[in-house]
Amino acid sequence: MKIAIMGAMPEEISPILEKIGSYKTISYAGNKYYEASYRGIDLVIAYSKIGKVFSTLTAATMIEHFGAQKLLFSGVAGAISPTLKVGDLIVATKLAQHDLDITAFGHPFGYVPEGAVFIEADKQMIEMSKEVAKDMGKNVQEGIIATGDQFVANEERKNWIGSTFGADALEMEGGSVAVVCNALEVPFFILRAISDAADMDASFSFDEFLQTSAKESAEFVMKMVDKLAN
Ligand code: 3QA
């Protein structure tokens with residue numbers, strides 16, 4: 001069994017690499033990929049760089065080049081739902097691209113022909129995350145995540161994304177990773193810890209909480225990997 005663990009930024013995967021301790025570094029397609037054997041399973045770990053395009057490339061590479069059979073994403077997100085505070089964890093039930101817009105042709109936001117507005121994450125791993133949350137004594141919310149190539153730091157834009165997609169959190173990679181995994185039939189799990197509220201203070205909050213929130217998410221994802229290894 002080979003499992004991919006990806007993030008977008010170095011801070012999102014460094015706690016994972018630290019925990020694993022020893023790994024092999026492979027440079028490929030403009031990124032570094034880290035391979036390790038962990039509790040009897042093979043891992044490939046990478047950060048993609050920010051946004052939908054880079055995350056698409058990395059997810060596809062992890063599957064097609066490195067042979068990953070499951071993919072877990074760990075990172076931070078901006079909160080839309082007022083019930084999500086900095087440090088809280090959200091598991092994506094389904095994901096959409098909030099910046100995909102051919103509405104001029106009468107299509108809904110997030111839709112292109114032969115695509116779908118929402119892509120659902122793997123139900124088995126979502127179930128498993130409930131057990132992990134219980135084991136860890138952590139409160140984890142499930143919700144819809146909206147993805148786009150924008151760092152949202154604007155109440156109006158955030159509320160629009162919330163009402164248009166019913167989204168609870170937003171970020172810049174989950175929706176594209178979902179497209180790749182769905183097309184290649186690889187079960188995927190997207191976890192995010194809140195770093196900011198996507199409002200006018202977002203950049204400051206992000207800078208302050210990136211590391212701690214990324215670590216929260218990484219710790220949870222590693223517990224997921226532990227369960228998958230059993
Ligand atoms: C934003 C990161 C990108 O990978 C998406 C964080 C947290 N809050 C968000 C928000 N809007 C959109 N996405 C997010 N991640 C990187 S920009 C800062 C880069 O700093 C999730 C996310 N409000 C680099 C230093 O110059």
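Strand 5, strand 9 and strand 10 each put at least two residues into the lining of the largest pocket of this predicted model. That lining takes in 18 residues, and the ones nearest the pocket centre are Val76, Phe151, Glu171, Met172 and Phe206. Sorted by class, the lining comes out as 10 nonpolar, three polar and five charged residues. The space inside the largest pocket amounts to about 230 Å³.

So much for the walls; what about the contents? The ligand sits in the largest pocket. Around the ligand there is a shell of 18 residues, with Val76, Val152, Leu170, Glu173 and Asp196 as the closest. Strand 5 (70-79), strand 9 (169-171) and strand 10 (188-196) turn up here too, each giving at least two residues to the shell. As for the chemistry of the shell, 11 of its residues are nonpolar, three are polar and four are charged.

Which residues bring a polar side-chain atom up to the ligand? Glu173 is one of them, with a polar side-chain atom 2.6 Å from a ligand oxygen atom. Asp196 is another, and here a polar side-chain atom lies 2.7 Å from a nitrogen atom of the ligand. Glu173 and Asp196 both also feature in the list of closest shell residues. Gly78 joins in through its backbone instead: an N or O atom of its main chain is found 3.3 Å from a ligand nitrogen atom. Taken on its own, the ligand has 600 Å² of accessible area, and the protein covers 74% of that.

The model has a second largest pocket as well, holding about 190 Å³ of space. It is lined by 15 residues, and Gln97, Gly115, Ala116, Ile119 and Val179 are the closest to its centre. Which elements supply at least two residues each to this second lining? Strand 6 (89-97) and helix 5 (174-183) both do. In terms of class, the lining of the second largest pocket splits into 10 nonpolar and five polar residues, with no charged ones. For the largest pocket, by contrast, the lining includes five charged residues, and the shell around the ligand has four.

Terms used: Residues numbered from 1 in each chain as written. Predicted model: local features only at pLDDT ≥ 70, side-chain atom pairs only at ≥ 80, totals over all residues. Heavy atoms only, no water. Near = heavy atom within 4 Å. Polar contact = N/O pair within 3.5 Å; in protein donor to acceptor, adjacent residues only side chain to side chain. Areas by Shrake-Rupley, 256 points an atom, 1.4 Å probe, with all protein chains shown as cover. 1 Å grid on protein atoms, 1.4 Å probe; cavity = no way out; pocket = protein on both sides within 12 Å on 5 of 7 lines; lining within 4 Å. Sits in = over half its atoms within 2 Å of the grid points. Helix = DSSP H or I, 4+ residues; strand = E, 2+ residues; numbered from the N terminus. Nonpolar A, V, L, I, M, F, W, Y, C, P; charged D, E, K, R; others polar. Points joined across faces, edges and corners; volume = space filled by probe spheres on them.
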